[in-house]
Amino acid sequence: MIRTQIYLTEEEKKAIEKLSDERGTTQSNIIREAIDEYVVKEKAKPKKKSIMDFAGIWKDKKDIPDVREMREGWGRRMKRLGLDSDDS
């Protein structure tokens, strides 16, 4: 571990002390847990943004076939070829 000094407000210090007492752990551990959660959350932001940017990208397209109709067609073809799962 690397020793690091930080400045806390009085309120932050009291909150960390209280959490530390309640959990039976060190104040340093509380701070490390908070930093770890923050880092994970920040790392996920670009991924989440990409997903949100992509979400609904084709919602207004009219030339995409209905998936339900495609599945029904696949089911009929499978039956016709004797490959449907109902016979197993």
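Tutor: Before we look at this predicted model, one definition: helix axes are lines fitted to C-alpha atoms over the stretch in contact, and angles run from 0 to 180 degrees between N-to-C directions. With that, the axes of α1 and α2 come within 8 Å and cross at roughly 105 degrees.

Student: OK, what makes α1 and α2 count as roughly perpendicular?

Tutor: Set the angle against the range. The crossing is roughly 105 degrees, and 65 to 115 counts as roughly perpendicular. The pair is therefore called roughly perpendicular.

Student: Which residues meet where these two helices come together?

Tutor: From α1 you have Lys13, Ile16, Glu17, Leu19, Ser20 and Arg23, and they meet Gln27, Ile30, Ile31 and Glu33 of α2.

Student: Let's take Ser20 in α1. Why is Ser20 called buried?

Tutor: Its relative accessibility is 8%, and buried means under 20%. Since 8% falls under that cut-off, Ser20 counts as buried.

Student: What does the side chain of Ser20 reach, and what makes that a polar contact?

Tutor: The side chain reaches the backbone oxygen of Thr25 at 2.4 Å. The limit for such a pair is 3.5 Å, so 2.4 Å fits within it. Leaving out residues up to four places away in sequence, Ser20 touches Thr25, Thr26, Gln27 and Ile30.

Student: And Met52 in α2, why is that one called exposed?

Tutor: Exposed means over 50%. Met52 has 54% relative accessibility, so it counts as exposed. Met52 also sits 38 Å from Lys18, C-alpha to C-alpha, with their positions 34 residues apart in sequence.

Student: How do you know that the span of α3 agrees with what a helix should give?

Tutor: α3 covers residues 67–80, and at 1.5 Å a residue its 14 residues should span 20 Å. The end C-alpha atoms are 20 Å apart, so the two agree. For α2, residues 27–54, the reach is 41 Å, close to the 40 Å expected.

Student: Why is α3 said to lie largely in the open?

Tutor: Count the buried residues: of its 14, the number is one, so α3 lies largely in the open.

Student: Where is the kink in α2?

Tutor: At Lys45, shortly before the proline Pro46, with a bend of about 35 degrees.

Student: What follows each helix?

Tutor: Glycines with positive phi. Gly24 follows α1 with phi near 70 degrees, Gly56 follows α2 with phi near 75 degrees, and Gly82 comes just after α3 with phi of about 75 degrees.

Terms used:
Residues numbered from 1 in each chain as written. Predicted model: local features only at pLDDT ≥ 70, side-chain atom pairs only at ≥ 80, totals over all residues. Heavy atoms only, no water. Helix = DSSP H or I, 4+ residues; strand = E, 2+ residues; numbered from the N terminus. Buried < 20%, exposed > 50% of the residue type's maximum accessible area, 1.4 Å probe, protein only. Polar contact = N/O pair within 3.5 Å; in protein donor to acceptor, adjacent residues only side chain to side chain. Contact = heavy atoms within 4.5 Å. Expected span 1.5 Å × (residues − 1). Bend = angle between axes of the 7 residues up to and from the residue. Parallel < 35°, antiparallel > 145°, perpendicular 65-115°, else oblique.
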